[in-house]
Amino acid sequence: MSETNRPPRISTAELVLRVLVPVLVLVLAIVAWHWAVTTYEVPRYIVPGPGEVWATLCTDWPILLPALLVTLRITVSALVLALIGGVLLAIVLVQSKWVELALFPFAVILQVTPIIAIAPLLLIYAPDTPTALLICAFLVAFFPILANMVAGLKSVDHNLIDLFELYGANRLQILLLLKLPAAMPYFMAGLRIGGGLALIAAVVAEFAAGSAGKGSGLAFRLLEAQYRLNMPRLFAALVLLTATGVAIFGLTSFIAWLVLHRWHESAVARER
Amino acid sequence: MSQAHLADRPEQAPGARDIVALSAVSKIYANGTLALKGFSLAVERGAFLSLLGPSGCGKSTALRLIAGLIAPSAGHIAWPSSSIARRGLPAGEIGFVFQEPTLMPWRSVAGNVALPLMLKGVPEAEAEARVTEILGAVGLADFAEAYPRELSGGMKMRVSIARALVTRPSLLLMDEPFAALDEITRQKLNDDVLALWRQTGVTIIFVTHSVFESAYLSSRIVVMTPRPGRVHAELTLDTSAERNADYRTSEAYRVVTQQVSWALKAAMDSGGAA
């Protein structure tokens, strides 16, 4: 009985390649962009080159950074609220099938309604624009987290529940020691989806809100640059949004890996 | 291994020879399935009792009834020696080994085995010592920090057995625990379970559909009819002979397997008509 299936270690060479290949392709794409813009002498008001975008990013940083922080604050607060709300409501829902049945229509209605269509309503009701944006982003991020968490809490091996009951565990112990850990992979999936969606919703809701001036997010700067045909800044704002999205994805994936890599198949390299 | 420690359990009260007695128990599930009908069985302390029968005959139902995981629809389950006889045995006095290892993948081997002690509120230091002891007894001393996904099927089942025994139960229920394992692993585990049974003196109720497994392990075999399950026949086996590889080829073993096979065949025929 000495056989074990420990995953094989990835060799250093492969690890380097795994990082190098995608980075190389990305660099190649940027070089191609630069080459196309300079070779065909594309005017900067149509497509600016990567160098120009970078320069704009640096010069316009005092304008773009506050906007980025506003968008980021809305995204992160919405995600945190969605995580808390989604997990708590999921726990309530799985306690009783009647609660679940009763709330089911609301869940479906809210989920199938394009949230952006509620934005005008929220803008009227909410005390200020940032709150309306926060509610929008929250609603969008909330449902994938709720849905994943409900699925996760229900995915527990019934025999394990029997085992806990055999040893006289109470409902709280079953929740904390069994159901929540078992739902972790689902929660992490919800976190990754919700994180990306919260950013998208924060931007789209700001488009709908049409907010302007100081204290506005990146979406306002995008629109402003569009009206002024300031293409370099438009691109710079876009790059900033993309980088934010990548950072959120990277961070949530890292958290998922950190929590799951010891035990869950989704976070373990396949053996070959 | 510390056999002396494992065997250290209080003597039962005289006169309470049976650990559990089911009388005329029936079970109808919510979907209308009649799993057991008029099932009566008394299990004496220290027995290695096999419940043998075809798939779906209610063997597992009987085990779950004894464990208190489900309630009987009719009939009565008595616990002659229990201080809280109406509710069965105190938590931790019954160990359960499922058909699957049923481990928590997010906990290490030691964490899985420690679970029953944790739920009982056993102090951490004592729990740790008992986990180490029982892991040694099932041959997994070196794998305490491993995670279930790193183990083979047989090793996972050992963890499951260790978890069931860590509270030093007086009754161990095993529901076709080795059905999914290969023959060689299964034979090894059969020997190990027998050794643990002799060391600890625990009463075992072992559900199986294998004639050979039941004949090899048991001190008593109860043959059940197809659904709805009833007791068709009982065989008491001589356990004085050492159970090992030689026993598998002995005349005594052949005779027992033949008797059990006949009993099972008769049970199938009678059940078909019912």
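I began with the polar contacts between chain B and chain A in this predicted model, and I found a count of 1 residue pair in polar contact, with both residues at pLDDT 80 or more. I then looked for salt bridges across the interface of chain B and chain A, where the rule finds 1; B:R64 forms a salt bridge with A:D162, and their closest N and O atoms lie 2.8 Å apart.

Next I asked which elements give two or more residues to the side of chain B that touches chain A. I noted α2 (59-67), β5 (94-97), α3 (109-120) and α5 (153-165) of chain B, and among these α5(B) gives the most, with 5 residues. When I sorted the residues of that side by character, I had 20 nonpolar, 6 polar and 7 charged.

For the extent of the interface, I recorded that 33 residues of chain B are in contact with 26 residues of chain A, and that the area buried between the two chains is about 2,800 Å², of which carbon and sulfur atoms give 65%. In chain B, I listed B:W106, B:L119 and B:R149 as the residues that lose the most area to chain A, together 29% of what that side buries.

Last, I checked the confidence of the prediction. The model scores ipTM 0.85 and pTM 0.83, while chain B averages a pLDDT of 85, with 90% of its residues scoring at least 70. I marked residues 1-15 of chain B for caution, since pLDDT stays under 50 over them, and I noted that the model has 18 contacts beyond four places in sequence for this stretch.

How values were computed:
Residues numbered from 1 in each chain as written. Chains lettered and ligands numbered in written order. Predicted model: local features only at pLDDT ≥ 70, side-chain atom pairs only at ≥ 80, totals over all residues. Heavy atoms only, no water. Contact = heavy atoms within 4.5 Å. Buried area = accessible area lost by both parts, 1.4 Å probe. Salt bridge = Lys/Arg side-chain N within 4 Å of Asp/Glu carboxyl O. Polar contact = N/O pair within 3.5 Å; in protein donor to acceptor, adjacent residues only side chain to side chain. Helix = DSSP H or I, 4+ residues; strand = E, 2+ residues; numbered from the N terminus. Nonpolar A, V, L, I, M, F, W, Y, C, P; charged D, E, K, R; others polar. pLDDT = per-residue confidence, 0-100.
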